[in-house]
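Got a moment to walk through a fold? Have the viewer open and follow along.

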Amino acid sequence: MKKKRMLPALLLALSVLLSGCTTEVLNRSSSVTLSPVRVPYSAPVGDSRLSRTETVVLYVPDETGTRLITVSEKVQTSSLRHPVDETLQMLLSYAGGENSAPLSPQTPLQTLGPVEISGNTAVVNLGTSALWLDAGQFYGVCHAITNTLCQWGDIRFVSVLINSRQMGLDMTASVPAGCFAADTHLSADVMKSDLQSLISVGNDRTRACLYYPIRGGRGVAVETKQIEFERHDKASMVAALLNALSGDAETLQTASALPNLLDYLAPDGIAVRENAATGGQVAVLHFDDAFNTVILDSGVPRSVMMASLALTVLTFVPGLSGLMVYAGEELITEVTPGSTYRDAGRTVAFENGVMHRNDFNSFLLSECPLCLATENGKLKRITRALPHEETCSPRALVNCLFDGPQVQDSAPGGAVFPQGLADNDLLGAGLEDGVLLLNFSARFGTLCAGLSAENEKQLVYSLVNTLTEAETVRSVCIFIDGVQTETLSGSLYLPGTFMKNTGIVD
């Protein structure tokens with residue numbers, strides 16, 4: 001390049017760096033000719049290039065069993081999902097080392113299904129073998145699991161079930177364990193002292209998973225709060241949970257507000273009975289005739305309300321195997337969700353009217369951020385509730401942006417992408433060196449060719465800002481039908497990689 005053209009080129013490069021991205025705005029009137037940007041990545045076809053190796057920390061007993069220590073291990077996982085499941089399996093199967101011991105040397109532990117993640121809370125469901133642990137061993141296992149899973153910033157609390165039931169701290173189903181928080185300084189003696197105090201004195205103020213209905217009838221999501229109840233009184237625990245569910249959630253942005261549920265209970269509307277058929281106990285809620293109407297008026301379908309009640313009660317109250325709900329004289333024996341994110345239209349039947357926790361697995365959602373358009377040419381960060389694995393999936397998030405604004409969003413926003421785009425317009429997604437590679441179809445390029453300069457910028461940065469919310473994604477590289485074309489519609493230079501642009505977000 002000639003010397004007299006060096007200054008404009010340097011100014012253009014400086015403006016690119018200050019904008020927070022490694023691409024540039026096209027200036028067709030400039031006489032400067034730059035070498036095309038070349039990236040060392042090929043366009044992905046399919047989503048096979050999303051695996052990664054991550055170093056994780058396991059909390060395991062030391063060789064004397066007197067305290068928890070950390071060991072580092074490498075785990076192979078996928079960018080399509082949270083590494084929590086692979087890490088938990090590694091913890092439960094850890095065989096010990098020079099200065100460390102297995103988590104449960106005498107009782108092999110396994111999980112029943114994947115870890116449930118919603119909000120900032122994870123629920124771990126251990127298999128039946130965990131029933132062989134005594135109370136002290138179980139308490140230690142819970143802390144080891146909690147410390148291990150809380151190494152990621154999105155998980156702050158952990159609840160541990162056995163065979164889909166809350167067993168309680170005393171393993172005789174009278175003192176609820178609630179949700180554990182990470183505590184990396186506990187010794188075995190301190191844990192034993194804490195446990196004995198909780199069992200003898202009682203744990204009448206603890207954290208509970210509250211499963212709030214998501215607006216639009218899409219499902220439920222977790223918010224963890226402290227609740228207060230009368231010691232060892234399960235009916236009091238249930239009443240405290242209903243009271244906590246009433247009103248607005250504090251942190252969830254897409255939850256529906258519920259009326260005061262206690263106001264609609266019939267006299268003596270909470271009971272706990274022995275369940276001879278399945279073992280354990282069943283909680284029975286008897287609401288009055290107005291319950292159905294007031295819940296529907298709140299915008300909550302019956303199916304989602306039952307999911308909220310069953311998951312909240314059965315995750316917290318120890319010893320319960322199920323829940324029964326009456327609305328007036330009607331025992332609710334089935335629900336058919338109409339607009340849940342999954343399984344809409346599939347009837348869920350409850351034998352003898354007894355609801356089990358596993359009946360509502362498909363209702364569980366977790367909130368995630370998306371960037372939609374505003375009328376002033378910028379972007380708005382809104383929240384939408386999705387199944388947790390989709391909050392980790394680049395393809396699922398791109399499809400959310402394709403769909404545009406939805407009724408269940410935390411705030412209104414504008415569509416960013418042209419209408420008519422579908423899942424098959426994303427040919428592939430891959431992750432290399434922190435760069436998320438997106439390969440869109442030729443049809444995508446054609447539909448975007450008519451965008452204004454303002455809309456083109458909104459489209460590109462809605463993708464970039466949404467997808468770089470993931471800790472593993474540093475920047476985004478866009479291909480059209482396998483090639484980094486010069487531009488979408490003439491204003492943004494597409495080759496290279498884009499970094500998050502916070503200045504475009506209101």
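Here is a tour from the overall shape down to a few residues.

## The whole chain

Keep in mind that this is a predicted model. The protein has eleven helices and 21 strands. Its radius of gyration comes out at 26 Å, close to the 23 Å that the globule rule gives for 506 residues, so the protein is as compact as a globular protein of that length. Along the principal axes, the C-alpha trace spans about 85 × 60 × 30 Å.

On the burial side, 54% of the 506 residues count as buried. The protein exposes about 21700 Å², and carbon and sulfur atoms supply 50% of that area. As for contacts, take those between residues at least 6 apart in sequence: 66% of them join residues at least 24 apart.

## A sheet built from S4 to S7

Now for the first stop. Four strands make an open sheet in the order S4-S5-S6-S7, with mixed pairing. Strand S4 (116-118) and strand S7 (180-181) sit at the edges with a single partner strand each, so one side of each has no neighbour in the sheet. Helix H3 (residues 135-149) packs on this sheet and touches strand S5 (121-126), S6 and S7; the direction of H3 makes about 140 degrees with that of S6.

Strand S6 (residues 157-162) pairs with S7 in the antiparallel sense over two bridges, and Phe157 stands opposite Ala181 in S7. With S5, on the other hand, S6 pairs in the parallel sense over six bridges. There, Leu126 has Ile162 in S6 as its bridge partner.

How many of the residues of S6 are buried? Six of six, so to speak: S6 is mostly covered. Phe157, Ser159 and Leu161 point one way from the strand, Val158, Val160 and Ile162 point the other way, and all are buried.

Helix H2 (residues 84-92) is worth a look here too. Its buried residues are Val84, Glu86, Thr87, Leu88, Leu91 and Leu92. The cover over them includes strand S2 (51-61), strand S3 (68-78), S4, S5 and H3.

One more residue to click on is His388, which has its place in helix H8 (residues 388-391). His388 is buried, with a relative accessible area of 13%. Leaving out residues up to four places away in sequence, His388 touches His82, Ile117, Asp154 and Ser366.

## A sheet built from S10 to S13

Further along the chain, another open sheet of four strands has the order S10-S11-S12-S13, and its pairing is mixed. Strand S10 (265-274) and strand S13 (330-331) are the edge strands, each pairing on one side only. S10 and strand S11 (residues 281-287) pair in the antiparallel sense over six bridges, with Arg273 opposite Val282 in S11.

Helices pack here as well. Helix H5 (residues 234-245) touches S10 and S11, and its direction makes about 130 degrees with that of S10. Helix H7 (residues 302-316) lies across S11, strand S12 (320-327) and S13, running at about 145 degrees to S12.

Here are the three helix packings next to each other.

| Helix | Strands touched | Angle and reference strand |
|---|---|---|
| H3 (residues 135-149) | S5, S6 and S7 | about 140 degrees, S6 |
| H5 (residues 234-245) | S10 and S11 | about 130 degrees, S10 |
| H7 (residues 302-316) | S11, S12 and S13 | about 145 degrees, S12 |

## Rings around Phe402

Last stop: the aromatics. The structure holds eleven aromatic pairs. In one of them, Phe402 and Phe440 form a tilted pair, 6.4 Å centre to centre with 50 degrees between the planes. Phe402 lies in helix H9 (residues 394-403) and Phe440 in strand S19 (residues 435-440), so the pair ties together parts that are 38 residues apart in sequence.

Are these two rings' residues buried or exposed? Phe402 counts as buried at 9% relative accessibility, and Phe440 is buried at a relative accessible area of 0%.

Phe402 also pairs with Phe444: the ring centres are 6.4 Å apart and the planes stand at 40 degrees, so this pair is tilted. That pair links distant parts of the chain, with Phe402 in helix H9 and Phe444 in helix H10 (residues 442-448), 42 residues apart. Both Phe402 and Phe444 are buried. Add Phe417 to the picture, and Phe402, Phe417, Phe440 and Phe444 form one aromatic cluster.

Definitions and conventions. Residues numbered from 1 in each chain as written. Predicted model: local features only at pLDDT ≥ 70, side-chain atom pairs only at ≥ 80, totals over all residues. Heavy atoms only, no water. Pairing = 2+ DSSP bridges. Contact = heavy atoms within 4.5 Å. Axes fitted to C-alpha atoms, helices over the stretch in contact; angles between N-to-C directions. Phe/Tyr/Trp six-rings, centres within 6.5 Å; stacked < 30°, edge-to-face > 60°. Buried < 20%, exposed > 50% of the residue type's maximum accessible area, 1.4 Å probe, protein only. Rg over C-alpha atoms; globule rule 2.2 N^0.38 Å. Areas by Shrake-Rupley, 256 points an atom, 1.4 Å probe, with all protein chains shown as cover.
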